[in-house]
Amino acid sequence: MTRLDELGEKAIVSDLIELFDPDGAHNLGDDCAVVDLGRDYLLVTTDIINRKTHIPEGAGSRDVGWHIAAINLSDIAAMGGQPLGMLFAFGLRGDAPVSDLTEISEGIRECCSNYAIPVLGGDTKESDVLTISGTAIGTVPKSEILWRKGAKPGDIIAMTGVLGKPMEWFRAKDPHKAQFLLRVVPRIREGRILAQSQAVTSCIDMSDGLSTSLHHLAKAGGVGLEVDFNRLLFAQGLSLEEKEHALHLGGDYELLFTVSPDRAEHVFNADFGTSPITQVGEVTEDTGVFILKDGATSQLPDKGYEHFGGSA
Ligand SMILES: [Mg+2]
């Protein structure tokens, strides 16, 4: 008997895609499920968190609620979509205080109302381990959708925000710093600007870290991606060692995308407000993922977060 934790999350997901979509007709494996509505695509995504793997002991329940809403909305943003609403399912112990559920739900409401998104439904069940599943739905005009596939040699690689914000929590695992991990900013507005620019050739949200996300875009596009370490923007106060670690740290949820040089001004001259976008590298003919550091280019291995054991 092979155990799930021997197989690892990536192999599990790839086996499931083979089972459910053997012909590749439904584009499984992107940030959202995509349904053809005619003029638009319907986007649907679901993500689950639980006390064992995602919710730090001692973390504030409102921060947990914000997190489950934000990480789902981030996947809609990654495809350039406008969210329409969300659903949530809770698994809770019967002896848990009612205030746990209330505070988690208040955090959900805070995140959703921040982006003017209604909560449309959900479910509650008893469960030994606190588990929360979120589902976000959205739409995007067909001509604007951002897929993971599509990067071409010569395209510019860019990202929103900074890398390594969750390091503040990972450093000491201090519950008072859990908000650095949980208070994810879903880049919905930025995703819409990128989609409308008609200049973005591929996009992903970096839920599992920069290195894994680069590998996803490279594989989906059949191209190579090279980033320049000195051009990456990191969260304030990171040591060099922490910056190197942050290349593989999950939880940033910034958008990583590629831009066609012909239309680059439609992205880089756009108004992103207080959250900057940064050019960090270039798409190459040679397949693989590379990093330029100290004047030398080397391969950047895929070492981002993986559930069920694996490379984590
Ligand atoms: Mg994603």
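Are D75 and D205 buried or exposed? Both of them are buried. Keep in mind as you look around that this is a predicted model.

## The magnesium site

D75 and D205 are a good place to start, since they help hold a metal. The protein donors of the magnesium ion are D31, D75 and D205, each through an OD atom, at 2.0 to 2.1 Å from the ion. Written along the chain, these donors follow the spacing D-x43-D-x129-D. D75 sits in helix α3 while D205 belongs to strand β7, residues 200-205, so this pair ties together parts that are 130 residues apart in sequence.

## The five-stranded sheet

Now for the sheet. It is an open one made of five strands, and reading across it you meet them in the order β1-β2-β5-β3-β4, with mixed pairing. At the edges are β1 (33-36) and β4 (119-126), each of which pairs on one side only. From one strand to the next, the twist averages 15°.

Two of the pairings are worth a stop. β1 and β2 run in the antiparallel sense and share four bridges; V35, for instance, has L42 in β2 as its bridge partner. The hairpin these two strands make has three residues between them, and there G38 takes a positive phi near 105°. Further across, β3 (residues 82-92) and β5 (residues 131-141) also pair in the antiparallel sense, over nine bridges. Here F90 has I132 in β5 as its bridge partner.

## Helices against the sheet

Helix α3, the one that carries D75, spans residues 61-78 and packs on the sheet. This helix touches β2 (40-50), β3 and β5, and its direction makes about 145° with that of β2.

Then there is helix α4, residues 98-114. You'll find α4 lying across β3, β4 and β5, where it runs at about 170° to β3.

## Aromatic pairs and their lysines

How many aromatic pairs are there? The count comes to three. One of them is Y41 with W147: the ring centres are 5.9 Å apart and the planes stand at 75°, so this pair is edge-to-face. It also links distant parts of the chain, with Y41 in strand β2 and W147 in the loop between β5 and β6 (156-160), 106 residues apart. Y41 and W147 are both buried. W147 has a lysine for company too: K149 lies over the face of its ring, 4.9 Å from the ring centre.

Another pair is F229 with F234, and this one is tilted, with 5.6 Å from centre to centre and 45° between the planes. Both of these phenylalanines are buried. A lysine turns up here as well, as K293 lies over the face of F229 at 5.0 Å from the ring centre.

## A look at H248

Last stop: H248, in the loop between α9 (240-246) and β9 (255-259). Why does H248 count as buried? Its relative accessible area is 15%, and the cut-off for buried is under 20%.

So what is H248 in contact with, once its neighbours within four places in sequence are left aside? The list is D208, G209, S211, L300, P301, K303, G304 and Y305.

Note on methods: Residues numbered from 1 in each chain as written. Predicted model: local features only at pLDDT ≥ 70, side-chain atom pairs only at ≥ 80, totals over all residues. Heavy atoms only, no water. Pairing = 2+ DSSP bridges. Axes fitted to C-alpha atoms, helices over the stretch in contact; angles between N-to-C directions. Contact = heavy atoms within 4.5 Å. Phe/Tyr/Trp six-rings, centres within 6.5 Å; stacked < 30°, edge-to-face > 60°. Buried < 20%, exposed > 50% of the residue type's maximum accessible area, 1.4 Å probe, protein only. Lys NZ or Arg CZ within 6 Å of the ring centre and 35° of its normal. Donors = N, O, S within 2.8 Å, 3.2 Å for Na, K, Ca; no water.
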